[in-house]
Amino acid sequence: MTHPTGRSADHAIDPIFLDRWSPRAFTGEAMPQDTLLSLFEAARWAPSAGNGQPWRFIYGHRGTVAFDTIYNTLDEGNRRWADKASVLAVIVSQTHRKNADGEMRPIYTHAFDTGAAWAYLALQATRAGYHAHGMGGIDRAKAMEVLGIPDGFRVEAGLAIGKIAPKETLPEDLMKREVPSTRKPVDEFISEGRFVS
């Protein structure tokens, strides 16, 4: 299955999985709040262990103090392009919660579950004509402080959402990288019955 993005699937999948990629070139146009809420609605329906739903999203629309606050937590490499996103967000997971006895216990699947919510959001963004770009390059300690994130939570990633712009709007070095990436073949990450490296 070859797709207009140039990606190729070896097995039958819905085209939305090939449509979804993480561009850096965004138009900077405003995103309607209702559209943004539809992305968070999709994240809401992600599966989670015990239906604990440990994810949190802290967001800001471009041109607001919230956007600037999040932007200033990003690493320099991401600040080079993320200023043109329509929305910036920080993805947070709850690492601990109280059990029935009031004891704080670790949530072992917090990052796994929050990753599922991010994936649902990213696919809904694609469906809505937007792109979502997750960012590992974020100052997590600074984000915890300036966004008022309490103990028992962890910053997982930054997030940029927007409408795609021509790659020529990027600095030259980033322009060369502005293509949908490929993936390892399935055979490289599955094994039947026993782990194979």
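**Figure 1. The side chain of Glu178 meets the backbone of Ala25.** A polar atom of the Glu178 side chain lies 3.0 Å from the backbone nitrogen of Ala25 in this predicted model. Glu178 is found in the segment that comes after α7 (172-175). Apart from residues up to four places away in sequence, Glu178 touches Trp21, Pro23, Arg24, Ala25, Lys167 and Leu170. Which side chain of opposite charge is nearest to Glu178? That side chain belongs to Arg24, 4.0 Å away, and the buried Glu178 has no salt bridge.

**Figure 2. Overview of the protein chain.** The chain has 7 helices and 6 strands. In sequence order these elements follow the pattern α-α-β-α-α-β-β-β-α-β-α-β-α. Along the principal axes, the C-alpha atoms fill a box of roughly 55 × 50 × 30 Å. The radius of gyration is 18 Å, which agrees with the value near 16 Å for a compact globule of 197 residues. Of the 197 residues, 39% are buried. Among contacts between residues at least 6 apart in sequence, 70% join residues at least 24 apart.

**Figure 3. The largest nonpolar core and the surroundings of Leu74.** This core has 23 residues. Leu74, Trp81, Leu88, Val90, Met135, Val155 and Ala160 are the residues with the most contacts inside the core. Two or more core residues come from each of the elements α3 (65-71), α4 (76-82), β2 (87-94) and β6 (153-162). A second, separate core has 20 residues, including Leu36, Ala89, Ala117 and Leu159. Leu74 itself is in contact with Arg79, Ala82, Leu88, Met135, Gly137 and Ile138, leaving aside neighbours within four places in sequence.

**Figure 4. Thr73 in the loop between α3 and α4.** Thr73 has its place in the loop that links α3 and α4. Is Thr73 buried or exposed? Thr73 is buried, with a relative accessible area of 1%. A polar atom of the Thr73 side chain lies 2.6 Å from the backbone oxygen of Ile70. With neighbours within four places in sequence left aside, the contacts of Thr73 are Ile138, Asp139, Lys142, Ala143 and Val146. Ile138 also appears among the contacts of Leu74.

**Figure 5. A salt bridge within helix α2.** Side chains of opposite charge can pair when their charged atoms come close. The structure holds 4 salt bridges, and one of them joins Arg44 to Glu41. The closest N and O atoms of Arg44 and Glu41 are 2.8 Å apart. Both residues lie in helix α2 (residues 33-44), where a spacing of 3 residues is about one turn of the helix. Arg44 is partly exposed, at a relative accessible area of 43%. Glu41 is partly exposed as well, at 35%.

**Figure 6. The salt bridges Lys84–Asp83 and Arg154–Glu156.** The side chains of Lys84 and Asp83 meet in a salt bridge, with an N to O distance of 3.4 Å. Lys84 is partly exposed, with a relative accessible area of 36%, and Asp83 is partly exposed, with 26%. Arg154 forms a salt bridge with Glu156, and their closest N and O atoms are 3.0 Å apart. Arg154 counts as partly exposed at 38% relative accessibility. Glu156 is buried, with a relative accessible area of 19%, because the limit for buried is under 20%.

**Figure 7. Positive phi values in the loop between α2 and β1.** Asn51 is found in the loop between α2 and β1 (55-61). The phi angle of Asn51 is near 55 degrees, a positive value in a residue other than glycine. Asn51 is exposed, with a relative accessible area of 54%. Gln53 lies in the loop between α2 and β1 too. What is the phi angle of Gln53? Phi is near 45 degrees for Gln53, again positive in a residue other than glycine. Gln53 is partly exposed, with a relative accessible area of 31%.

Definitions and conventions. Residues are numbered from 1 along each chain as its sequence is written. This is a predicted model: local features need pLDDT of at least 70, side-chain atom pairs count only at pLDDT 80 or more; totals for chains, interfaces and linings use all residues. Side-chain values use heavy atoms; hydrogens and water are left out. Helices (H or I, at least four residues) and strands (E, at least two) are DSSP runs, numbered from the N terminus. Buried means under 20% relative accessible area, exposed over 50%, partly exposed in between (1.4 Å probe, protein chains only). Lys and Arg count as positive and Asp and Glu as negative; His and the chain ends are not counted. A polar contact is a pair of N or O atoms within 3.5 Å; within protein, one must be able to donate a hydrogen and the other to accept it, and residues adjacent in sequence count only if both atoms are side-chain atoms. Contact means heavy atoms within 4.5 Å. A nonpolar core is a set of buried Ala, Val, Leu, Ile, Met, Phe, Trp, Tyr and Cys residues joined through side-chain atoms within 4.5 Å. The radius of gyration is taken over C-alpha atoms; the globule rule is 2.2 Å times the number of residues to the power 0.38.
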